[in-house]
Amino acid sequence: LFMSSESTNSRTDCGFGGVPDPVSKARVRGIRVFDIADVKHPKLVTSVQTCRGSHTHTVVTQPGDNDNVYIYVSGTAGVRSAEEVPGCADGGIDDPNSARFRLEVIKVPLAKPETAAIVSSPRIFNGLPVAPRNPDRDAVDAAARTAQAAAARGNAPAVAVPPDQGAQGAQGGQGARGAQGGGRGNATPPAPTGPNQCHDITVYPDIGLAGGACAGLGLLLDIHDAAHPERIDYVADANMSFWHSATFSNDGSKVLFTDEWGGGSAPRCRATDKLEWGADAIFTIEDNKLKFHTYYKLPAPQTLQENCVAHNGSLIPIPGRDVMVQSWYQGGVSIFDWTDVDHPKEIAYFDRGPINAARMVSGGTWSAYWYNGIIVSSEIARGLDIYELVPSPLISQNEIDAAKTVHFDYWNTQDQQKFVWPPSFALARAYLDQLERSKGLGADAIASARTALATAEKRSGAQRKTALTELASTLDAAAGAAGDQTKVHALSAAVTDLANAQR
């Protein structure tokens, strides 16, 4: 078990009492490693100290390497004293020894986790521009600060300080806060720079890529060598306030970045808020470059009393489609299809309404993840909500049943695993439902295929295999005249796999 540690009062012995001294060997800021083989008696194995602590971390696997895992550390705190951790040095973008502008990579040998250590510190943030800002969105932020000041004087309901935005300050990283190499005593603050850390990094080892949601910018990383990630592209967007997390499509051809504008504590889904603010930004990946297409935001306006903004989510294994479930705090849970990157569309939702209709009370769904047929949502005010999809004109029971055939032993949204659907009648019928919905195949051909599938399912052994093989051949022949040839070939392949699975 790996735990991020960033607080200044965290002790190396996990004890109480904090760490009162400004410099102390008793302080831990970095990654704690626990042995939880006996879950009733966890043991601290070691702590890997880093110069900026760890706000979030991502566990990374290297395909073909079963002996080690890697940890990408996103440290957002100030640089520690070299007296506390030797080798730590603050400095600007041109200082090669600066602990800023770099990513710490920890290697953990699974047989000897006590030897976990930093193995590289790639400077993936070098040369990044200051993030652009949208003046209209700035005006909304200024109004929120005015309201907060009025609340402090007792003239209005209090509004919480956004946790992520408060840590980041103005877009562009630490430059706006004067933290780079100087602190409060500097007469002249350093020039603003691009981000020098990420909030979240999502890795997809099967395709060798990672998406870095890095506060002011979105990064695309090459992780074919997990120990030495390299930045291959970045994107900026004045409509994005705080690049928070990333999700890849199952085939790795697209990536979606979330914008947690306001840190999750403010109402950002009002009818007066633009759809591109506090939303998702969707990109295709073409020749290792990110190409912007559009935004997605839950379509139902929320009230002034509901904190609402894009937050944590994951893919749902609906075959042939890119479907994602996502939390929106008091905006609830939104499930949307982004197969068409230019026209994402909500296909299901759950929205309980404001916790308090008279005043702002922080709450709502903080994260919503698919796991082996269900959706688990962490609801701030109540605890866990467990959801199941139900059929509608936008999603069929066969698609839901096919999704439930995908099973994982564990689920980590920041370490994406590839969905692979085992052969099943539900999978074939899911493709037929999609072809009917899109009119990608003629109605007569769809009806005939459904009859053939039903007949084959009633048979067994060689008779079933023969019936399925004949159906696959018929579908291949029909593909040439189909409106969606790709989907018909996917259906034929699913029927063929089902035939080959028969004994």
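Reader: How many aromatic pairs does the structure hold, and what makes W411 and F419 a stacked one?

Author: The structure holds 17 aromatic pairs. Rings of Phe, Tyr and Trp (its six-membered ring) pair if their centres lie within 6.5 Å, and planes under 30 degrees apart count as stacked, over 60 as edge-to-face and the rest as tilted. W411 and F419 have 6.0 Å centre to centre and 5 degrees between the planes, so they are a pair and the pair is stacked. Ring pairs also link W243, F257, F283, F292 and Y295 into a cluster.

Reader: Where do these values come from?

Author: Happy to say: this is a predicted model, where local features need pLDDT of at least 70 and side-chain atom pairs count only at pLDDT 80 or more, while totals for chains, interfaces and linings use all residues. Residues are numbered from 1 along each chain as its sequence is written, and side-chain values use heavy atoms, with hydrogens and water left out.

Reader: Why is F419 called buried or exposed?

Author: Buried means under 20% relative accessible area, exposed over 50%, and partly exposed in between (1.4 Å probe, protein chains only). F419 has 5% relative accessibility, so F419 counts as buried.

Reader: And what about N312, buried or exposed?

Author: N312 has a relative accessible area of 7%, so N312 is buried too. N312 is found in the loop between strand 15 (289–296) and strand 16 (313–316); strands (E, at least two residues) are DSSP runs, numbered from the N terminus.

Reader: Why does V39 count as buried or exposed?

Author: V39 has 67% relative accessibility, so V39 counts as exposed. V39 is found in the loop between strand 2 (30–35) and strand 3 (43–49).

Technical notes:
Helices (H or I, at least four residues) and strands (E, at least two) are DSSP runs, numbered from the N terminus.
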